[in-house]
Amino acid sequence: MSFASNADLGPLVRKLETLVDLSDQEREAVLRLPVTVRVLKADQDIIRDQDRPSQCCLILTGFACRYKTLQGGKRQILSFHIPGDVPDLQSLHLEVMDHSLGTLTESRVAFIPHGTIRAFIRAHPSIGDVFWRDTLIDAAVFREWVTNVGRRDAYGRVAHVFCELFVRFEAVGLNNGDSYGMPITQAELADATGLSTVHVNRTLQALRANGLIKTENGKVVIENWGGLQEAGEFDPTYLHIRKRAA
Amino acid sequence: LTRVPRYFFHVHDSVDLLDEEGTELAGPDEARAEAVVIAGALLRDVGGRFWNSPDWRLWVVDEAGRGICALRFSAEHP
């Protein structure tokens, strides 16, 4: 299903406002961006490794990930993406995709042509700075994930991922108090943390048994935020979130 | 369309932790290979705590509950 529309681009505004203050004029301009919206089922590719895209995608609802596939079918999830994220912003300057981007749950995705974004940045240079800032933070997240997957034990890795997502959901106002929706499977969490499903399963049991989180119906409930941060050695500085959604 | 078999990797360290999720693998050979990989990763995280309950073991069963393999570590220190 695909349709052009005056889709509500509120998620993008909320995301950008975690990075800078937008003027009323800039906010209006973002909301008026012409986009094409598609509804994608779970586990569908949005764009694949080696593709040469002519547009960027904005997650409006749902949950997506960037990933690489290895020989033999193994997969590494590189990052998770939530509403307001533009996970393939790099395609504006790097012509060929060096990884894939896909949905994890049913998602509404807005596509914005590269030409539109370029014209938009020319008309609003400060938005160009925001996109640059977002790209730098993207790199900071990868540095954190390399550290996480390379050196932390399973308990710390999984705790760190839960901490990061909680802070990111909260920043765009998509948390529900101490909980947030994360309807992904243990196999997907395993692909993100470089662990086996069995190891993730045991780790979740340990995090629950220690009273740090509860998981229920695709939701993560933070039971002990301080304890979870400590378990994941989590310091949110690398997310560089300036302010939280009202 | 053949169904991919599912294997369950149970672990005993200080307590029994049963795998209720299971993992899809092509067959018993793959399950036996995966058992070694999983045991290695789990033991790496256990580290020195291993000595608190050195009767660590991992065993694999298929969906019918048939044993596929068991890994035990023979551990001693003077």
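How many bridges join strand β1 (residues 6-12) of chain B to strand β4 (residues 57-62) of chain B? Keep that in mind as you go through the views below, which come from a predicted model.

**View 1. Strands β1 and β4 of chain B run side by side in the antiparallel sense.** The count you were asked for is six bridges. To find one of these spots, look for B:Tyr7, whose bridge partner in β4(B) is B:Asp62. Strands like these are held together in a general way: within a sheet, they pair through backbone hydrogen bonds, and the pairing can be parallel or antiparallel.

**View 2. β4(B) and β5(B) make a hairpin.** Follow β4(B) to its end and you pass through four residues before β5(B) begins. In that turn sits B:Gly65, with a positive phi of about 85°. Strand β5 covers residues 67-72 of chain B, and five bridges join β5(B) to β4(B), again antiparallel. One pair to look for is B:Leu58, whose bridge partner in β5(B) is B:Leu71.

**View 3. Chain B as a whole has one helix and five strands.** Walk along the sequence and you meet them in the pattern β-β-β-α-β-β. Along its principal axes, the C-alpha trace of chain B spans about 55 × 20 × 20 Å.

**View 4. Here chain A meets chain B, with 12 residues of chain A in contact with 15 residues of chain B.** Together the two chains bury about 1,100 Å², and carbon and sulfur atoms give 49% of that area. Which residues of chain A lose the most area to chain B? They are A:Val198, A:His199 and A:Arg202, which together make up 51% of what that side buries.

**View 5. Zoom in on the one salt bridge counted between chain A and chain B.** A:Arg202 forms this salt bridge with B:Asp13, and their closest N and O atoms are 3.0 Å apart. Between the chains there are also four residue pairs in polar contact, counting residues at pLDDT 80 or more. On the chain A side, α5 and α7 (197-209) are the elements that give two or more residues to the surface touching chain B. The most comes from α7(A), with six residues. Sorted by class, the chain A side has two nonpolar, six polar and four charged residues.

**View 6. Three strands of chain A form an open sheet in the order β9-β11-β10, with antiparallel pairing.** The edges belong to β9 (179-181) and β10 (213-216), each with a single partner strand, so one side of each has no neighbour in the sheet. On average, neighbouring strands here are turned by 20° against each other, direction ignored. β10(A) pairs with β11 (residues 219-222) over four bridges, and A:Lys214 stands opposite A:Val221 in β11(A). Helix α5 (residues 154-171) of chain A lies across β9, β10 and β11, running at about 90° to β9(A).

**View 7. Another open sheet in chain A has four strands, ordered β3-β7-β5-β6, and its pairing is antiparallel.** Why do β3 (45-47) and β6 (75-81) each have one side without a neighbour in the sheet? Both stand at the edges with a single partner strand, so nothing in the sheet flanks that other side. From one strand to the next, the twist averages 35°. Strand β5 (residues 64-69) of chain A is joined to β6(A) by six bridges, and one spot to check is A:Cys65, whose bridge partner in β6(A) is A:Phe80.

Notes: Residues are numbered from 1 along each chain as its sequence is written. Chains are lettered from A and ligands numbered from 1 in the order in which they are written. This is a predicted model: local features need pLDDT of at least 70, side-chain atom pairs count only at pLDDT 80 or more; totals for chains, interfaces and linings use all residues. Side-chain values use heavy atoms; hydrogens and water are left out. Two strands pair if DSSP finds at least two bridges between them. Axes are lines fitted to C-alpha atoms, for helices over the stretch in contact, and angles run from 0 to 180 degrees between N-to-C directions. Contact means heavy atoms within 4.5 Å. Buried area is the accessible area (1.4 Å probe) that two parts lose on being put together, summed over both. A salt bridge is a side-chain nitrogen of Lys or Arg within 4 Å of a carboxyl oxygen of Asp or Glu. A polar contact is a pair of N or O atoms within 3.5 Å; within protein, one must be able to donate a hydrogen and the other to accept it, and residues adjacent in sequence count only if both atoms are side-chain atoms. Ala, Val, Leu, Ile, Met, Phe, Trp, Tyr, Cys and Pro count as nonpolar, Asp, Glu, Lys and Arg as charged, and the others, Gly among them, as polar.
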